[in-house]
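Work through the exercises below with the structure open beside you. Try each task before reading its solution.

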Amino acid sequence: MKRILSLILMSIMLAGCTGGVKNSDKPRIYTSFYSVYSLTKTVAGDKADIINLMPQGMEPHDFEPTAADIMKLSKSDMLIYNGSGIDDWAADIEKTLDEPIKVTRLYPAPDRDDPHTWLSFENVYNELDTICEALCEIDAANAELYKENKDDYEKKLKELQAQFENAGFGGKKMFVTHGAYGHLCRELGMEQVALEGIWDLSDPSPAKMAQVIADIKESGAKCIFYDPYEGDDTALAAADEAGIEAIPLSAFETDDKNRDYYTVMSENLEQMKKGLK
Ligand SMILES: [Zn+2]
């Protein structure tokens, strides 16, 4: 796949692409996948056009941009991507983009232990700060508004974070299929036990399944959480075997209802209260 991407990039550079006509005066900003898109939209409000490169409903572990996607970027003002390793393809694209297109990378280097940075509230505050600074830089006329949007949202999130902290999750084990919740668990003093990998979403081996089911039984856990966009087959098989429930919990890698981070995390809080009581 990497090789295909570099061939696409090379052919676009040779062709001197001119795709993606801009038809508004607002800054046009592309984002790499849903969590970056949603956080950027929250700060930008209606003062910038935010376009997600990853199609709705697709999740970032499987995504590679097409030549047409890359061409659209040539008429944009900015590309924002996470940079923690989940959207490595964006780092390849960055090399091909010339001034005046600004590129904002939220993390300077991949985090091979866990790229799901946005599932930590503290990380999200930093991500919002970086996004806000970048927007203010390319559109100084609306800087006050961007800062106000960011501050208001951060205030709401801090209240939600306090609700997570006061829910009594500390010290508990959280069983999940896809290991996306490591940052959240660390922040809440919990331990994540994942059936599948953090990077590799393939089905667990029978040995791994048996080991996690034994762990569930020993810990007395009442449920296993799964990301609904990943499907529930593995979670239901494990839940059935261990005699527990399977409960959906969004990793906010995508969202087909176009919901924002606060809304999804509020729902996650209720799901966690249900599954961890
Ligand atoms: Zn993931």
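The exercises that follow concern a predicted model and the way its two domains meet.

**Exercise 1.** Find where the two domains lie along the chain, and state how far apart their C-alpha centres are.

*Solution.* Begin with the domain assignment, which places domain 1 at 2-163 and domain 2 at 168-275. Then take the C-alpha centres of domain 1 and domain 2, which lie 27 Å apart.

**Exercise 2.** Describe the contact between domain 1 and domain 2 by its residues and its buried area.

*Solution.* First, with contact taken as heavy atoms within 4.5 Å, 36 residues of domain 1 touch 27 residues of domain 2. Next, turn to the area buried between the two domains, which is about 2800 Å², with carbon and sulfur atoms giving 59% of it. Finally, look at single residues: Tyr34, Leu119 and Leu160 together supply 25% of the area that domain 1 buries against domain 2, which is more than any other three residues.

**Exercise 3.** Determine how many salt bridges and how many residue pairs in polar contact are counted between domain 1 and domain 2, and then say which elements and residue classes make up the side of domain 1 that touches domain 2.

*Solution.* The count of salt bridges between the domains is 0, whereas 21 residue pairs are in polar contact, both residues being at pLDDT 80 or more. On the side of domain 1 that touches domain 2, the elements giving two or more residues are helix H2 (34-44), helix H5 (121-138) and helix H6 (143-165). Of these, H6 gives the most, with 6 residues. Sorted by class, this side of domain 1 has 16 nonpolar, 13 polar and 7 charged residues.

Note on methods: Residues are numbered from 1 along each chain as its sequence is written. This is a predicted model: local features need pLDDT of at least 70, side-chain atom pairs count only at pLDDT 80 or more; totals for chains, interfaces and linings use all residues. Side-chain values use heavy atoms; hydrogens and water are left out. Domain bounds come from an automatic or database domain assignment. Buried area is the accessible area (1.4 Å probe) that two parts lose on being put together, summed over both. A salt bridge is a side-chain nitrogen of Lys or Arg within 4 Å of a carboxyl oxygen of Asp or Glu. A polar contact is a pair of N or O atoms within 3.5 Å; within protein, one must be able to donate a hydrogen and the other to accept it, and residues adjacent in sequence count only if both atoms are side-chain atoms. Helices (H or I, at least four residues) and strands (E, at least two) are DSSP runs, numbered from the N terminus. Ala, Val, Leu, Ile, Met, Phe, Trp, Tyr, Cys and Pro count as nonpolar, Asp, Glu, Lys and Arg as charged, and the others, Gly among them, as polar.
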